[in-house]
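The following exercises are to be worked with the sequence and the coordinates at hand. Each consists of a task and a solution in steps.

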Amino acid sequence: MSVDHNEKYIFEAEWYDKIASILKKFYLYYYPFDNTVELFDIKARKTFLRRTKCEGIQAKDFYVGATVTIFSRSIRITDYADCVTRTKLQTKMQKTFAIVKPNVVDKLGEILKHIVSSNFHIANIKMVKLSKEQATEFYGDTGETNVAYLVNYLTSGPIVALELLGDHAIARWQEVMGPEDSKEATAKEPSSLRACYGTDNIHNAVHGSENEEAAERELKFFFPDPKSGKTGPPNTATLENCTCCIIKPHAVQAKLTGEIIDQIQKAGYTISAVQQFCVNPFDAEEFLEVYKGVLPDYAAMVGELQSGPCIVMEIKHKDEKYDVQGEFRKLCGPMDPDIARQVRPDTLRAKYGKTQVQNALHCSDLPEDGILEVEYFFKILDSS
C-alpha cells in the first residue's frame, strides 16, 4: 500500500498577535506523513509559515476547538477548511455528551481521571443546577420511561455536564459507563463507572448520549453556540465564603484537570462551581491587572492565561468558619514550582507546575479577592 506523502488536513485557525493587537486568521495545513505544518495568512493572502517540522505536536492534537502551539504561538483551530478534512476527522473523531450525576459530583476528580485514562479529551465542562422544567425537557427527548424519577434525581443537586471527544466516542463512552442498571454493571462490567459509582438504574452515576443525533441535541442544550443567542443552564457559583482557583491552559492541555480536581476534593474542599473558559487577551489583562508592575512575569502570565482553555472553579469548605482562601493557598504552594518542590513538596504547584508562569494553578491572593475573582468569571464572563 503506497503512503501519500502529501495527504493533508486543512483547518481554519486563528492567533492573537499581542504586539500588533490583531487577531490573525489562517489556513492551517497539517501533513500526517512527516508531522509538518504550514500556515497561510487568509487576509494577506500569502504563506505565513512554510511547511516545516514542529516539535511537540502530533496528529491527535488537531481537531476543532484545540489549541496547538506552533513556534511559541498558541494557534486555535476554529473549523475544518475543506470537506475532505471534515469527512476524515469527523467520522473518526466523534463528540459525545456526558453527565456526572448529583450523588457523585464529590468524586468528580476520580471520574475525570478515569475519562482521560480511557483516551477521551474533555472538550468542555460546566457544573449546572437544572430546574424541573429543564430536566423534564432534557429527558423528554431521550425516550426514557421513568422520567419523573430521573427528573427528581437530576434536580436534587448540581451536575457536571461534559463534552467528550475521541475515536468513536459515543460507543466507547457507553462501554466505559457500563450497563444502565448499576447492579447489572457490577455483575457484568465490574470496572465500569456505573459499577464503581452507581447503586441502581436511576442513581447510576453517569449519563451518555445514545447516538450522534442525541449527542448533537444534548450538547446544544448544555453548551449552546454563543452565536445562537441561546443560553444553557446557569452555573452554580454561590459567590460567598469561597475562593477562586484556575487550572491554567498548559495544565489543561497536559490533561491534568482530573488529577488536580481529585487532589482538591481529597484535601477536603468542595468544588461548588466549575466551568471552562477561553479568556480573550483583554479579559486576561484585566483579570491579572493587580500584578502589573508588581511581578516581572506579568506579560507572560497574561500570555499563558489566554493561550488556550482554562478551567475555573469556586472552592468552598464544609466548615463555615474555615479560612478557605488562606488554607487553599497553602494547598497550592509557592508561586515558583521549583521552590515549592524544595519547601512544600506535597503542594499542587510542586506536583504539577513547570515554571513560575506555567505553575499549574492560579489561586486568590487575598481574602477579599476570592469572591471578586469568582464573580469576574461566573457573573461577568459567563454570558448565561
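The structure is a predicted model.

**Exercise 1. Decide whether T36 is buried or exposed, and describe its surroundings.**

Step 1. The relative accessibility of T36 is 5%. Burial requires a value under 20%, and T36 therefore counts as buried.

Step 2. As to secondary structure, T36 belongs to strand β3, which spans residues 36–41.

Step 3. A polar contact joins the side chain of T36 to the side chain of D34, at 2.7 Å.

Step 4. With residues up to four places away in sequence set aside, T36 touches Y29, Y30, Y31, R51, T52 and K53.

**Exercise 2. Examine the positive phi angles of R45 and A205, and classify each residue by accessibility.**

Step 1. Most residues other than glycine have a negative phi. R45 is not a glycine, yet its phi is positive, about 55°. A205, also a residue other than glycine, has a positive phi near 75°.

Step 2. R45 is located in the loop between β3 and β4 (46–53). A205 is located in the loop between α7 (193–197) and β10 (206–208).

Step 3. The relative accessible area of R45 is 69%, so R45 is exposed. For A205 the relative accessibility is 0%, and this residue therefore counts as buried.

**Exercise 3. Characterise the position of W15 in strand β1.**

Step 1. Strand β1 comprises residues 9–17, and W15 lies within it.

Step 2. W15 has a relative accessibility of 13% and therefore counts as buried.

Step 3. Once neighbours within four places in sequence are left aside, the contacts of W15 are I22, L23, K24, F26, F48, R73, S74 and I75.

Step 4. For a long-range distance, consider Q174, 159 residues from W15 along the chain: the two C-alpha atoms are separated by 36 Å.

**Exercise 4. Trace the environment of I247 and determine how far helix α10 is enclosed.**

Step 1. I247 is part of strand β11, residues 243–247. Its relative accessibility is 0%, so I247 counts as buried.

Step 2. Excluding residues up to four places away in sequence, I247 touches V252, T257, I260, I261, C310, I311, M313, A360 and L361. The C-alpha atoms of I247 and H362 are 6.7 Å apart, although 115 residues separate the two along the chain.

Step 3. Helix α10 covers residues 257–266. Its buried residues are T257, G258, I260, I261, D262, I264 and Q265. Seven of the 10 residues are thus buried, so α10 is largely enclosed by the rest of the structure.

Step 4. After α10 comes G268, with a positive phi near 95°.

**Exercise 5. Which residues have the most contacts inside the largest nonpolar core, and what surrounds L162?**

Step 1. The largest nonpolar core contains 46 residues, and L162, W173 and I264 have the most contacts inside it.

Step 2. Beyond its neighbours within four places in sequence, L162 is in contact with T96, F97, A98, V100, L112, I115, I122, N124, I125, L219 and F223.

Step 3. Another core, of 21 residues, lies apart from the largest one; C242, I246, Y298 and V374 are among its members.

**Exercise 6. How many cavities of 30 Å³ or more does the structure hold, and what lines the largest and the second largest?**

Step 1. There are three cavities of 30 Å³ or more.

Step 2. The largest cavity has a volume of about 100 Å³. Its lining consists of V116, F120, H121, I122, V252, K255, T257, Q276 and I311. By class, these comprise five nonpolar, three polar and one charged residues.

Step 3. The second largest cavity has a volume of about 80 Å³. It is lined by K248, Y291, M301, R329, M335, R349, N359, L361, H362, C363 and D365. The classes here are five nonpolar, two polar and four charged residues.

Step 4. Strand β14, residues 361–363, supplies the largest share of the lining of the second largest cavity, namely three residues.

Step 5. To connect this result with Exercise 4, note that V252, T257 and I311, which are among the contacts of I247, also belong to the lining of the largest cavity. L361, another contact of I247, belongs to the lining of the second largest cavity.

Key. Residues are numbered from 1 along each chain as its sequence is written. This is a predicted model: local features need pLDDT of at least 70, side-chain atom pairs count only at pLDDT 80 or more; totals for chains, interfaces and linings use all residues. Side-chain values use heavy atoms; hydrogens and water are left out. Helices (H or I, at least four residues) and strands (E, at least two) are DSSP runs, numbered from the N terminus. Buried means under 20% relative accessible area, exposed over 50%, partly exposed in between (1.4 Å probe, protein chains only). Contact means heavy atoms within 4.5 Å. A nonpolar core is a set of buried Ala, Val, Leu, Ile, Met, Phe, Trp, Tyr and Cys residues joined through side-chain atoms within 4.5 Å. On a 1 Å grid over the protein atoms alone, a cavity is a set of points where a 1.4 Å probe fits but cannot get out, and a pocket is an open set with protein on both sides within 12 Å along at least five of seven lines; lining residues have an atom within 4 Å of a point. Grid points are joined across faces, edges and corners, and a volume is the space filled by probe spheres set on the points. Ala, Val, Leu, Ile, Met, Phe, Trp, Tyr, Cys and Pro count as nonpolar, Asp, Glu, Lys and Arg as charged, and the others, Gly among them, as polar. A polar contact is a pair of N or O atoms within 3.5 Å; within protein, one must be able to donate a hydrogen and the other to accept it, and residues adjacent in sequence count only if both atoms are side-chain atoms.
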